[in-house]
Amino acid sequence: MGGDGNSAYGHRTFTRSRSHFDDRITADGRDGWPVQAGRYRLVVSRACPWASRAVISRRLLGLEDALSLAVADPVQDDRSWRFTLDPDGRDPVLGIRFLSEAYDRRETGYPGGVSVPAIVDVPSGRLVTNDYQRITLDLATEWTALHRPGAPDLYPAARRAEIDEVMADVYEDVNNGVYRAGFATRQREYEEACAAVFRRLEVIGERLSRQRYLVGDTLTEADIRLFTTLVRFDAVYHGHFKCNRWKLAEHPVLWAYARDLFQTPGFGDTVDFDHIKRHYYQVHTGINPTGIVPLGPDLGGWLTEHHRAELGGRPFGDGTPPGPVPPGERVAPRGRPA
């Protein structure tokens, strides 16, 4: 999610920037960035759905000790994502005040703005990658030597073609579709994007009425990518982005599916609703000029019974759930359901 031009949203046609820095961190280090415990730092915002994918994947795979985590303030300023949540306003590992400093050490005059998730090389302080589509796939497939015992296979080789197909549709109409609707500048543009969001959600709902997870009987990358949009739906996309044909909580299948994932270790324990709401409503001044953050919706429903286990499935396959959230990474109480 970019850090520049937020006030322009709602005043110009929305186009998602491609990741400019697409180097990969791999087991063989073919791009010059070998997988190495402690060498890299993952920079995220808990507000951002694209960054939240990486937070969930890192936790499910047990990479907390191998890949450190920096959490940016959900409210940016014109210098990009900032580390004002940390003492003295500096990231304690990278020593920088703004993520843009790591970008500048890599390249000056780069296109596309400053976005998260981003992985930074700690020794040099240089950005390695901001390729939000690839980062989680590589965490699942290239970082296997550093996975925890019992880590799930989030991108199983035998299912990759189906996972890729499902993720492509989810990305086009749902993950990115809510943004096209929310930042539309013309009525027809908005209506087409909004209609596509709900058409795809209905198709996904029908699929999930027959099976617990999107692909196969275990959690995969596809579920992570859908979850990060669904968990934000009623809190921000329904009102802020005008995706209001119905609420997630009004769709029995999708609401049960989302609650099932939320209550699965590694998903809901990474979600900060306070960060989510403050970012969207306070940063996107082009479509919410007052910056007022709404009080609702009631978040208590996220912890109610979902009955999805009746469909079978094994969340972690032959693996096990992740352990407790590290103390320094726990979400503040105000960001959680009551």
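Me: What counts as a helix here?
Reply: Helices are DSSP runs of H or I with at least four residues, strands are runs of E with at least two, and both are numbered from the N terminus. The model is predicted: local features need pLDDT of at least 70, side-chain atom pairs count only at pLDDT 80 or more, and totals for chains, interfaces and linings use all residues. Residues are numbered from 1 along each chain as its sequence is written, and side-chain values use heavy atoms, with hydrogens and water left out.

Me: What follows α1?
Reply: Gly62 follows α1 and has a positive phi, near 75°.

Me: How do you know that the span of α1 is close to the expected one?
Reply: The expected span is 1.5 Å times one less than the number of residues. Helix α1 (residues 49-61) has 13 residues and reaches 18 Å from first to last C-alpha, close to the 18 Å expected.

Me: What makes α1 mostly covered?
Reply: Buried means under 20% relative accessible area, exposed means over 50%, and partly exposed lies in between (1.4 Å probe, protein chains only). In α1, 13 of its 13 residues are buried.

Me: Why is Cys48 called buried?
Reply: Cys48 has 0% relative accessibility, so it counts as buried.

Me: Why do Cys194 and Cys243 not form a bond?
Reply: A disulfide is a pair of cysteine sulfur atoms within 2.5 Å. The sulfur of Cys194 is 4.8 Å from that of Cys243, its closest cysteine sulfur, and therefore too far for a bond. Cys194 is buried, with a relative accessible area of 5%. The search of the whole structure finds 0 disulfides. Cys48 is in none either, the nearest cysteine sulfur, that of Cys243, being 17 Å away.

Me: How do you know that β3 and β4 pair?
Reply: Two strands pair if DSSP finds at least two bridges between them. Strand β3 (residues 118-121) and strand β4 (residues 126-129) have 3 bridges, in the antiparallel sense. Ile119 stands opposite Thr129 in β4. The hairpin has 4 residues between the strands, and Gly125 takes a positive phi near 75°.

Me: Why is Ala140 called buried?
Reply: Ala140 has 9% relative accessibility, so it counts as buried. Its place is in helix α3 (residues 132-141).

Me: How far apart are the C-alpha atoms of Ala140 and Tyr257?
Reply: The C-alpha atoms of Ala140 and Tyr257 are separated by 23 Å, and the two residues are 117 residues apart along the chain.
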